[in-house]
Amino acid sequence: MRIVISEFISLDGVVQAPGGPEEDTDGDFAHGGWSHPFFDPEVVGGAFADALTKAEALLFGRRTWQTMAAAWPERAGDPFADRMNAIPKYVVSHTLGDNELTWDHTTRIPGDEAVARIRELRGTEGGDLLVMGSPTLVRTLLREGLVDELRLVIMPVLLGGGKTIFPDDGVQRPLELVSTVTSGTGVHVCTYRPTAKG
């Protein structure tokens with residue numbers, strides 16, 4: 001499987017709480033819902049629909065999974081929601097118990113086994129393993145060289161701080177721009193893939 005990361009991201013690299021004010025207020029983050037003014041159903045919505053169509057399974061960190069699990073099951077009847085609800089899901093967590101996995105088709109990956117288990121999943125045949133949100137998990141995947149494609153939905157806004165997906169370990173990681181499309185709201189949807197160094 002290919003591991004594909006899909007993120008709403010500000011120009012200054014913030015991915016925290018794009019969906020709403022209460023989504024993630026860690027660090028007194030006060031800009032929750034910042035992506036809404038720039039959302040465009042054709043380009044931005046189309047990018048996520050395309051990613052989900054190609055996905056064979058979803059992979060989340062705990063907080064993102066809990067946010068999604070609280071929202072998507074009650075939206076049944078919408079084709080996007082139906083796909084989200086039907087597809088296999090994995091959540092990396094040190095704290096969630098199996099009895100808390102209320103979103104159908106979810107399997108827990110213990111936090112201390114995450115890298116090894118995700119490496120095994122990546123080695124299996126199949127479509128994409130799609131990651132949305134989950135900045136702590138994405139930083140780990142990038143650091144470990146486990147990302148095959150990075151889809152950044154870059155919004156024309158500076159947020160002045162917040163959670164990011166990028167490792168800060170001083171390691172250079174070259175990427176190739178595979179495709180880009182721009183919406184009328186100034187959003188750039190850019191798809192990158194890792195390239196060999198040098």
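This report walks through the fold, the surface and the charged side chains of the chain shown above.

## The overall fold

The structure you are looking at is a predicted model. Its chain contains five helices and eight strands. Starting at the N terminus, these elements follow one another in the order β-α-β-α-α-β-β-α-β-α-β-β-β. The radius of gyration is 16 Å, close to the 16 Å that the globule rule gives for 198 residues, so the chain is as compact as a globular protein of that length.

You can also picture the C-alpha trace as spanning about 45 × 40 × 35 Å along its principal axes. Contacts tell us how the chain comes together: among those between residues at least 6 apart in sequence, 69% join residues at least 24 apart.

## Inside and outside

How much of the chain is buried? Of the 198 residues, 46% are buried. The accessible surface adds up to about 9900 Å², and carbon and sulfur atoms account for 52% of that.

## Charges and their partners

The chain carries 18 positive and 28 negative charges, and the mean positions of these two groups are 5 Å apart. Side chains of opposite charge can pair when their charged atoms come close. In this model, the count of salt bridges comes to 15.

One of them joins K163 and D26, whose closest N and O atoms are 3.0 Å apart. This pair connects distant parts of the chain, with the two positions 137 residues apart: K163 sits in the loop between β6 (149-155) and β7 (175-182), while D26 sits in the loop between β1 (2-10) and α1 (44-54). K163 counts as partly exposed because its relative accessibility is 23%. D26 is partly exposed too, at 35% relative accessibility.

## A pair within a helix, and a buried pair

Now compare a pair that stays within one helix. D50 and K54 form a salt bridge, with their closest N and O atoms 3.3 Å apart. Why are these two residues separated by about one helical turn? They are four residues apart in helix α1, and therefore about one helical turn lies between them. D50 counts as partly exposed at 30% relative accessibility, and K54 counts as partly exposed at 43%.

R151 and E149 offer another case. Their side chains meet in a salt bridge of 3.1 Å, taken from N to O. Are these two residues buried or exposed? R151 counts as buried, with a relative accessibility of 9%, and E149 counts as buried at 2%. The two pairs in this section also belong to a network of salt bridges that links R2, D50, K54, D128, E149, R151 and R193.

## A buried charge without a salt bridge

D40 is found in the loop between β1 and α1. Which side chain of opposite charge is nearest to D40? It is R151, 13 Å away; D40 is buried yet has no salt bridge. Salt bridges here require a nitrogen within 4 Å of a carboxyl oxygen. Setting aside neighbours within four places in sequence, D40 is in contact with G45, S183 and T185.

## Two residues in helices

A47 lies in helix α1. With a relative accessible area of 13%, A47 is buried, because the cut-off for buried is under 20%. Not counting residues up to four places away in sequence, A47 touches R151 and V189. R151 is also the partner of E149 in the salt bridge described above. What separates A47 from T191 in space? Their C-alpha atoms are 10.0 Å apart, although the two residues are 144 residues apart along the chain.

D82 gives you a second helix to look at, since this residue lies in helix α3 (residues 79-86). Its relative accessible area is 34%, so D82 is partly exposed. Leaving out residues up to four places away in sequence, D82 touches A76 and G77. The C-alpha atoms of D82 and W72 are separated by 8.4 Å, and these two residues are ten residues apart along the chain.

How values were computed:
Residues numbered from 1 in each chain as written. Predicted model: local features only at pLDDT ≥ 70, side-chain atom pairs only at ≥ 80, totals over all residues. Heavy atoms only, no water. Rg over C-alpha atoms; globule rule 2.2 N^0.38 Å. Buried < 20%, exposed > 50% of the residue type's maximum accessible area, 1.4 Å probe, protein only. Contact = heavy atoms within 4.5 Å. Areas by Shrake-Rupley, 256 points an atom, 1.4 Å probe, with all protein chains shown as cover. Lys, Arg positive; Asp, Glu negative; His and termini not counted. Charge placed at Lys NZ, Arg CZ, Asp CG, Glu CD.
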